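Visitor: I would like a close look at one part of this structure, set against the chain as a whole. Please take one helix and go through its length and its surroundings.

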Amino acid sequence: MASESHHKENLHNLQLEDEGQHRNPSEVKMSQIVLPCHANHCGELSIGQLLKWMDCTACLSAERHAGCPCVTASVDDIYFEHTIGVGQVVNIKAKVNRAFNSSMEVGIEVSCEDLYSGRHWRVCQAFATFVAKRTDANKVQLRQVVPCTHQEQVEHSLAAERRRMRLIHHDIIQDLLNNKTFQRSISEENHDEDEALPTERTRVESVELVLPPHANHQVNTFGGQIMAWMENVATIAASRLCNAHPTLRAIDMFHFRGPSQVGDRLVLKAIVNNTFKNSMEVGVCAEAYHRDEPLRHINSAFMTFEVLDEKGRPCPLPPIKPEPQEGQRRYQEALARKKIRLDRKYIISCKQTEVPLSVPWDTSNQIYLSYNNVSALKMLAAKNNWDLCSKKNNVSLYTVEESQSLCFRVEFEMEIPAQRAFILLSDISRRHEWDQHYMDPYVIALRSVALPSHPPTEEFHRGEVVCAGFTIYEVSKSVSKISYYNQASPEVLPYISTDIAGLSSSFYSIFCACRQYLLDNIMCTSAFTPSAL
């Protein structure tokens with residue numbers, strides 16, 4: 001197998017500019033044909049090998065932007081949608097979405113290509129955080145990314161929200177573990193002790209000697225290589241539980257806690273933390289030592305496996321019997337991560353067209369619901385096919401008709417500072433004073449939720465709001481452009497159809513009242529406490 005440095009040399013030969021199209025200056029592409037040496041027992045590309053290629057491509061993108069060596073700090077959740085077979089081509093594209101002080105987010109897209117049929121399909125998407133490291137003692141200050149397209153603007157804006165979620169990820173798990181309702185649900189779980197399998201039988205420990213081919217150009221252990229070794233021991237642990245070959249479906253966040261160098265011994269440990277109906281979570285950690293030094297914690301991750309039958313359907317898995325204390329802690333934390341995983345996949349990770357209209361409200365998914373509101377609204381604002389339906393005294397109504405929803409936007413300009421307008425339209429303000437990199441428009445986002453106290457009934461047809469809210473752009477120091485967006489289900493159409501047809505100007509009256517409200521309160525002091533959305 002070729003060394004990682006060889007892969008990186010090949011990447012530079014793939015940087016061909018597309019004629020007549022915008023190309024992000026940090027964009028890097030890699031294409032690899034899957035050979036038998038890259039495959040597992042099923043003739044499918046090993047996920048470990050794919051992780052190495054993904055990390056290599058993302059690292060080169062980060063270094064292209066930073067102009068200096070970079071190291072992997074973390075990789076967000078990855079959901080593997082499809083497998084890749086021997087003889088097929090893996091296409092990986094990476095580009096920097098946003099730079100902060102010395103760190104940056106790199107977006108990674110992986111697709112597969114069948115050379116015989118010409119068919120392409122998406123495999124996965126990931127977001128990795130890289131930190132710039134200079135060889136001298138000078139502190140790194142990365143230059144900012146300037147988005148040039150609608151999609152780049154959306155990703156640039158959402159990168160700040162993803163960063164905020166990374167920083168509070170541990171706190172979210174602890175809050176959920178301390179939640180009384182969640183604790184009650186754990187205590188109500190009652191597995192048959194006779195059928196439960198002891199987790200000790202799944203424990204795996206393996207050691208790897210870090211050699212020069214495993215290192216990057218900074219002589220540190222290549223991050224992708226560590227992830228590949230972790231995936232290997234996790235697969236063994238999962239196999240010991242089910243006595244079959246499992247399929248890796250998802251990886252929780254990789255978080256690199258420290259470096260490793262050539263000559264280190266990497267100790268990799270894995271164990272099944274919990275099993276659910278058709279899946280299991282395997283916890284895996286990597287520790288390093290050199291000669292007589294104590295172990296250093298390098299990385300941790302949690303991987304979700306399934307066992308598929310001959311028709312590709314997930315098989316049921318037996319319950320496990322955790323060990324006392326540490327085993328029980330891992331068991332409970334796996335339940336918490338599953339809840340958070342479902343929230344993220346249900347609210348964030350799925351495509352916007354697949355998001356359910358009403359998301360069940362729960363305090364534990366509030367942070368992800370907030371993220372989705374912002375994400376959906378910014379994607380709605382980035383649409384470029386708005387049709388102007390009517391305009392009256394500088395208040396404009398635009399629409400976009402889609403298969404299952406109607407989107408409309410109301411927009412006007414007025415003499416009011418953007419920050420002041422934002423304060424008056426929400427209880428969130430002054431973020432730019434504490435986050436110097438947050439240069440996006442102010443956003444106030446809302447959506448429909450389903451309350452347990454008000455379940456759907458046959459007598460009523462709910463009108464659902466997929467996303468709605470304001471964006472406020474600063475035209476000048478004293479003038480703001482205020483846009484209201486709404487993406488709603490067809491049941492909402494009767495309430496706005498006359499406005500869209502130009503037979504009514506109720507929307508104009510409402511926004512005139514909104515404008516007057518802002519004018520009346522432009523000099524008032526806000527009683528809201530500043531907070532982050």
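Guide: The expected span of a helix is 1.5 Å times one less than its number of residues. The model is a predicted one, and the helix to examine is α3, residues 150-167. With 18 residues, helix α3 should span 26 Å, and its end C-alpha atoms lie 27 Å apart, which agrees.

As to surroundings, a residue counts as buried when its relative accessible area is under 20%. In α3 this holds for 13 of the 18 residues, so the helix is largely enclosed by the rest of the structure. For the protein chain, 52% of the 533 residues are buried. The chain has twelve helices and 22 strands. Among its contacts with a separation of 6 or more, 71% join residues 24 or more positions apart. Its accessible surface is about 26,500 Å², and carbon and sulfur atoms account for 52% of that area.

Another helix, α2 (residues 47-66), bears on the empty space inside the model: with three residues, it gives the most to the lining of the second largest cavity. That cavity holds about 50 Å³ of space, and the structure has three cavities of 30 Å³ or more. Its lining consists of Leu51, Met54, Asp55, Val75, Ile78, Ile108 and Met227. By class, six of these residues are nonpolar, one is charged and none is polar.

Conventions:
Residues numbered from 1 in each chain as written. Predicted model: local features only at pLDDT ≥ 70, side-chain atom pairs only at ≥ 80, totals over all residues. Heavy atoms only, no water. Helix = DSSP H or I, 4+ residues; strand = E, 2+ residues; numbered from the N terminus. Buried < 20%, exposed > 50% of the residue type's maximum accessible area, 1.4 Å probe, protein only. 1 Å grid on protein atoms, 1.4 Å probe; cavity = no way out; pocket = protein on both sides within 12 Å on 5 of 7 lines; lining within 4 Å. Points joined across faces, edges and corners; volume = space filled by probe spheres on them. Nonpolar A, V, L, I, M, F, W, Y, C, P; charged D, E, K, R; others polar. Contact = heavy atoms within 4.5 Å. Areas by Shrake-Rupley, 256 points an atom, 1.4 Å probe, with all protein chains shown as cover.
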